[in-house]
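Student: I've got a new chain open on my screen and I'd like to talk it through. Can we take it a piece at a time?

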Amino acid sequence: DIGIYDVEHEKHAILFSFEPGYFNLQSVLSKNQFKLLEAIAKEGEVSGVSSSVFLNAHGMAQSTAQQAYKVLLEKELLYEQRTADGSRIFVYDPFFARWLERR
């Protein structure tokens with residue numbers, strides 16, 4: 001039988017196998033870019049990076065967040081899904097998002 005412990009163990013093993021690449025990615029991003037990625041991952045998704053609630057919760061300035069956001073979109077590390085009622089921004093790679101959440 002496969003239990004919750006087995007599933008959690010496998011999830012951790014998968015994230016651990018990707019960890020060297022994630023650390024490498026962290027080393028090539030600016031501190032603010034990585035901070036924004038981490039903040040969005042911990043939120044799950046956001047409707048925008050210029051919300052004062054979001055910025056205050058994560059200790060970021062609006063101009064810094066906007067600048068980092070543009071770069072992360074270009075690098076395809078963030079994805080923005082636009083709909084009729086707004087947009088959702090999230091970390092493109094779900095494994096990377098889970099890794100960031102656990103930090």
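Tutor: Sure, and let's fix one term before we start: a nonpolar core is a set of buried Ala, Val, Leu, Ile, Met, Phe, Trp, Tyr and Cys residues joined through side-chain atoms within 4.5 Å. Keep in mind, too, that this is a predicted model.

Student: Okay, the overall layout then. What pattern does the chain follow along the sequence?

Tutor: The secondary structure comes to 5 helices and 2 strands. The C-alpha trace spans about 50 × 35 × 25 Å along its principal axes. Read along the sequence, the pattern is α-α-α-α-β-β-α.

Student: How much of the chain is made up of buried residues?

Tutor: A residue counts as buried under 20% relative accessible area. Out of 103 residues in the chain, the buried ones make up 30%.

Student: And the largest nonpolar core: which element supplies the largest share of it?

Tutor: That core has 26 residues, and L36, L37, I40, V49, L78 and V91 have the most contacts inside it. At least two residues each come from α1 (4-28), α2 (31-43), α3 (52-58), α4 (62-74), β2 (86-91) and α5 (94-101). The largest share, 6 residues, comes from α2.

Student: Let's stay on α2. Does its length add up, I mean, what should its 13 residues span?

Tutor: You count 1.5 Å a residue, using one less than the number of residues. The end C-alpha atoms of α2 are 18 Å apart, which agrees with the expected span for its 13 residues, 18 Å.

Student: Which elements do the buried residues of α2 pack against?

Tutor: The buried residues of α2 are Q33, F34, L36, L37, E38, A39, I40 and A41. I40 gives you a feel for this, touching E45, V46, V49, F54, L78, I89, F90 and V91 beyond its neighbours up to four places away in sequence. As a set, the buried residues of α2 pack against α1, α3, α4, β1 (78-83), β2 and α5.

Student: What residue follows α2, and what is its phi?

Tutor: Right after α2 you reach G44. Its phi is positive, near 95°.

Student: How are α2 and α5 arranged: parallel, antiparallel, perpendicular or oblique?

Tutor: Their axes are 8 Å apart and the helices pack at an angle of about 95°. The contact is made by F34, L37, E38, A41 and K42 of α2 with F96, A97, W99, L100 and E101 of α5. Angles of 65 to 115 degrees count as roughly perpendicular, so α2 and α5 are roughly perpendicular.

Student: And α1 with α5: parallel, antiparallel, perpendicular or oblique?

Tutor: On the α1 side, I14, L15, F18, E19, Y22, F23, L25 and Q26 meet F95, F96, R98 and W99 in α5. The axes come within 10 Å and cross at roughly 85°. That makes α1 and α5 roughly perpendicular, therefore.

Student: Now L78. Is it buried or exposed?

Tutor: L78 lies in strand β1. It touches L36, L37, I40, Y69, L72, L73, I89, F90, V91 and Y92, leaving out residues up to four places away in sequence. Its C-alpha atom is 6.8 Å from that of I89, 11 residues apart along the chain. Because its relative accessibility is 3%, L78 counts as buried.

Student: What about S63, buried or exposed?

Tutor: S63 lies in helix α4. The C-alpha atoms of S63 and T83 are separated by 25 Å, with the two positions 20 residues apart along the chain. The cut-off for exposed is over 50%; at a relative accessible area of 56%, S63 is exposed.

Student: Polar contacts next. Which side chain makes a polar contact with the side chain of S87?

Tutor: S87 lies in strand β2. Leaving aside neighbours within four places in sequence, S87 is in contact with V46, S47, E80, Q81 and R82. A polar atom of the S87 side chain lies 3.3 Å from the backbone oxygen of S47. The side-chain partner, at 3.4 Å, is E80.

Student: Last one: how long is the polar contact that joins the side chains of H58 and E43?

Tutor: H58 lies in helix α3. Not counting residues up to four places away in sequence, H58 touches K35, A39 and E43. The polar contact between the side chains of H58 and E43 is 2.8 Å.

Notes
Residues numbered from 1 in each chain as written. Predicted model: local features only at pLDDT ≥ 70, side-chain atom pairs only at ≥ 80, totals over all residues. Heavy atoms only, no water. Buried < 20%, exposed > 50% of the residue type's maximum accessible area, 1.4 Å probe, protein only. Helix = DSSP H or I, 4+ residues; strand = E, 2+ residues; numbered from the N terminus. Contact = heavy atoms within 4.5 Å. Polar contact = N/O pair within 3.5 Å; in protein donor to acceptor, adjacent residues only side chain to side chain. Axes fitted to C-alpha atoms, helices over the stretch in contact; angles between N-to-C directions. Parallel < 35°, antiparallel > 145°, perpendicular 65-115°, else oblique.
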